[in-house]
Amino acid sequence: MPEGRAPAGSADRHVEQPITISFAGYNRAWAAWIEDRLERRGRRVITQRWDVPPDRSLTELLQDLKLAPGPILIVLSEWYFQLGVRSYDEWNAALREVVVPDRDRFAAVLVTNASLPTATTVLAAADLNNSGADEAERRLLDRLDMLGQPLSRPAHARRGPRYPMATPEVWSGGVPRRNTRFTGREALLNDTYSLLQNAEPGAAVVTFHGMPGVGKTQLAAEYVYRFRLEYDVVWWASAETRAVCRRHLAELAPKLGLSTGADYGERLRAVRDSLRRGQPHAHWLLILDGADEPEQISDLVPTGPGHVLITSRNPRWRDHNSQTLEVPVYSRSESVAFIGRRAPRLSRDEAHQLAEALEDLPLLLDQTAGWLNDSEMSVAEYVRLLEHGPDHTAGRASPDFPAPFRNAWSILLDKLRETVPESVDLLRLCTFFAPGLIPVRLLREVPTHGFPSRIAEFLEDSERWTAAIDQLQRYSVIPQAFTETEEDETVPSGEPFYLHRMVHQIVREQMSDEDRRELVDVARRALAANPVNPEDRSQYARYERLVPHLKHADVLQSRDAGVQRLVLDSLRYMYHSGEYGAGIKLGKRAMEAWRELFGENHARIWDLTHHYANHLRAVGDYRGSEAINRVAVDYLRDHRPSGSLDYLRAVSGLAADLRALARYGEALQLGEWHVAMCQEHLSEGSLTTRRALNNHAVTLRLLGRYEEALSVDGRVTDDLRRLVAPSSLDALWSQLGRAVDLRLVGRYAEAESLLRDHAAECRRVLGERDRITLISEYNLALCLRRGGSSAAGMMLADVRERGERVLGETHPHTLGFISTHSCWGREYGSIDEARADSEAVVARYEAMLPEGHPFIAGTRSNHALILREVGEHGHARALAEQSLIDMTRVVGERHPWTLGCAINAATVRNRMGDLESAAELSDGTVRRATEFLGRTHPLTLSARVALADDLRVLRKLQQAEKIENEALSDLAQTLGRDHAHTVSARSRRRPYWDFDPLYT
């Protein structure tokens, strides 16, 4: 046995006694691993986290440690000795006084390469650092004289912690580097661990909240490193905006080995499902950093067996199924301890004085202590500056930060300006981007022609650029917080740049107006450089990164054409990616700003009107969309040629609004004029003309003129095959319209075949969350339902769930999905759930649409069938009759929707015993359906079968049999003998009609 080494684990003295492990909280992972290794060999272990209260001496604390039973194993690292900021001389004295006389009680393992107090040699530590797991275990057991002891349980008996030098199987490149100056927060870390471990399955969510600069992100990062061994997956996602959060979560899919396409929506859904099921990993930790808007992010928080940690300034996370812990400023002892490590030249009294002046805010302590350590300025002099404030900070106060905070920043900026002036320009320039990750690569790529000379020279000089970043990092102004990975395009290699929200606000507030004017133009031009097609899904990630910065760069005040184009392209991106809420906010702000900047009738206003109206229409604000499109049409009609593109575009938008408001006659008239103008003024192969024809077909479809719509869509589809790629948006929309037409004319088999291919192509090209994909699969489900396939129910439920998640529960498309799913539920699912869904859809339509709209009447007719099923016959009849009246008034008595409402109303009359009235209504329905749709249209055939049922109940058997036999013969010839409708009619089940809202 080497000299000085005590038989800490001698079998004759300690075999029945526990081993006490003393460790600094920073080294908890080592303590957990050591505990597991010893317990596997039958030893009972007690773990004690080492703490050093400022009011107690080291000698007293070490004497208290000796009160533990059995041998004491100390996990040695610099952290064990830095707690409480005691000097190494103090430590040497205490170790010699307490440990040396009783050295047989103590042993140690070494887990660091840092220098330690010299007296620690008495512990004869086994060096576990930089060795593999097996060798580290051998050294540990050898130090405790346990090498020969057998395992008391198999190594695979239970899951144990990983070796601390290892990492989880899946480790996010976004996890901040471990802060080697992290201080205190032990109670918060332990409370977090307890809350997560003791939470019910699926409810392990904890939010750190507090003011900017208190170290929420650093606390979350320390939790990751301290407890990482308990997780198979650790994933860090920035959550400052919904788009960025979605992207970061979706990027977990390939790491989990999930088979998905490239679309973020598809990946996100797969990730959430994998985490929910705990497959392939049940032990996962997800960190959502900077989630200040729970209303925008909460639906992205996964459930399942794992844990979620959130950092936020917003305590309202408690209303979103999260437990919350407030992160305060440092305690004074924590501040003093931190300053002692950050600025060793300062005395303890000076550290206390500085902490008091900076009000114990961790971020300011980090930045200020860093440069004071390199400065000759005394703390007393610095505090005097803080109290009076530099002259140039006067007159620009912030309501969010007390004067000492603002003054501290003024002093720091002066220090930066004296040493590396470019660092101040860079810092100020970055405040015209959103706080958080700054896309500094854009600044290096933008042409500098026209920039202020000092900015142009700085951006073009790599050495000066690097020096500026190094200086900012040196003083923790921009922490090198995120691990660089080749996959993360947000953080260019070699340029990790993260700007804290508080730093962002204070620096921006203290900038002169002249600097603002110069630098904001640089930021705007950087954002607008290298424009890309916003309809190209491969470019969505680029727009997701750009859009959060538009507001901070104040792009709406720019007269630069490229910047204005960026605004319009961003609106197009938001529309095509389904970010309608964000598009409406940007569109509204842009309308106000540009009207003031350019005037009411500038060409840019009409460009903006088009995109803004599209967003309003997409969320069902049809009156709002019509109002602004009406203004555009009226003005452009008087001031532009009839063939001008902006006028034609405005007319197309207004026609779409009229369709949505069920003013179909006006829409048809406007659409016919629009088609004629496009054909007259544009080239033969113009996509604008083809789109006008597609829209015209939509109007015909809404008018119930299905054969005419099919004819138009067929011609357009054929033309587009020659003009564009089959997977282009225009081609996919046209193919979808033709398939819907086929379904509506009753050619179900053809429609189903076409829709299967179309839906698969949409999933491949656009992803499962795209609006076209959802509508395609919805129509495919309707075809399957007409054919009696049980797969229809699963597909409808899936489309509905995606619609609610992607588009929102009140989006017009989603309401249609819910309505049809409730019809399915009426027959095959829960009637109570179907009723609740149906009532919700009707109520939403009543709030969103004008009174008498056919969608209200149609969904009321659906609801009447549910009421009939639950025995509320009186209410069912009243609703069915009113639906028929309203539908007739709006679209006419021969429209297929009116005929369908009549079939349902006749059914309710029949079941309530009003037989003559039911037969009379059925007879008129058959006559009108035959005239408008033809004898063999499925709706006409349903009306004929219903009429036969009415006549049979009236005992007019001969007439009923004749009508029934003819209907059955036509059904067999039209749909087939084994089709669900034919079989149902043959079984004499009375037909009904389900209204499905049309939006394509």
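1. Which residues do ring pairs link into a cluster? In this predicted model, the cluster is made up of Y664, Y845, F855, W897, W993 and F995, which are joined to one another through ring pairs. The count of aromatic pairs comes to 29, and one of them can be followed in more detail: the rings of W606 and Y635 have their centres 5.1 Å apart and their planes at 25°, and because planes under 30 degrees apart count as stacked, this pair is stacked.

2. The W606 and Y635 pair also says something about how the chain is held together, since W606 belongs to helix α27 (residues 603–618) and Y635 to helix α28, so that the pair ties together parts that are 29 residues apart in sequence. Both W606 and Y635 are buried.

3. Helix α28, which covers residues 622–639, also contains S625. Is S625 buried or exposed? With a relative accessibility of 0%, S625 counts as buried, because the cut-off for that word is under 20% relative accessible area. When residues up to four places away in sequence are not counted, S625 touches A613, L616, R617 and D657.

4. Two further aromatic rings have a charged group placed over them. The charged end of R178 sits over the ring of Y26, at 3.4 Å from the ring centre, while the charged end of R826 sits over the ring of Y992, at 4.8 Å from the centre of that ring.

5. The nonpolar interior deserves a point of its own. In soluble globular proteins, nonpolar side chains tend to be buried together. Here the largest nonpolar core holds 155 residues, and the members that touch the most other members are W409, L426 and L443. Helix α26 (residues 580–598) gives the most to this core, with 8 residues. Another core lies apart from it and has 79 residues, among them V698, A876, V908 and V926.

6. To see what surrounds one of these core residues, take L443: leaving aside its neighbours within four places in sequence, L443 is in contact with L426, L429, C430, F433, L459, W465, V522 and A526.

7. One open sheet has 5 strands in the order β2-β1-β3-β4-β5, with parallel pairing. The strands β2 (45–49) and β5 (126–127) stand at its edges, and because each has a single partner strand, one side of each is left without a neighbour in the sheet. Within this sheet, strand β3 (residues 72–76) runs parallel to strand β4 (residues 106–110) and is joined to it by 5 bridges; L76, for example, has L110 in β4 as its bridge partner. Helix α6 (residues 133–143) packs on the sheet, where it touches β3, β4 and β5, and its direction makes about 165° with that of β4.

8. Another open sheet has 6 strands in the order β6-β8-β9-β10-β7-β11, again with parallel pairing. Its edges are formed by β6 (170–171) and β11 (323–326), each of which has a single partner strand, so one side of each is left without a neighbour in the sheet. Strand β7 (residues 205–209) pairs with strand β10 (residues 307–312) in the parallel sense over 5 bridges, and the bridge partner of T207 in β10 is I310.

9. Helices also pack on this sheet of 6 strands. Helix α7 (residues 186–198) lies across β7, β10 and β11, running at about 180° to β11. Helix α8 (residues 216–227) touches β6, β7, β8 (233–238), β9 (284–289) and β10, and its direction makes about 160° with that of β10.

Notes. Residues numbered from 1 in each chain as written. Predicted model: local features only at pLDDT ≥ 70, side-chain atom pairs only at ≥ 80, totals over all residues. Heavy atoms only, no water. Helix = DSSP H or I, 4+ residues; strand = E, 2+ residues; numbered from the N terminus. Buried < 20%, exposed > 50% of the residue type's maximum accessible area, 1.4 Å probe, protein only. Contact = heavy atoms within 4.5 Å. Core = buried A, V, L, I, M, F, W, Y, C linked by side-chain atoms within 4.5 Å. Pairing = 2+ DSSP bridges. Axes fitted to C-alpha atoms, helices over the stretch in contact; angles between N-to-C directions. Phe/Tyr/Trp six-rings, centres within 6.5 Å; stacked < 30°, edge-to-face > 60°. Lys NZ or Arg CZ within 6 Å of the ring centre and 35° of its normal.
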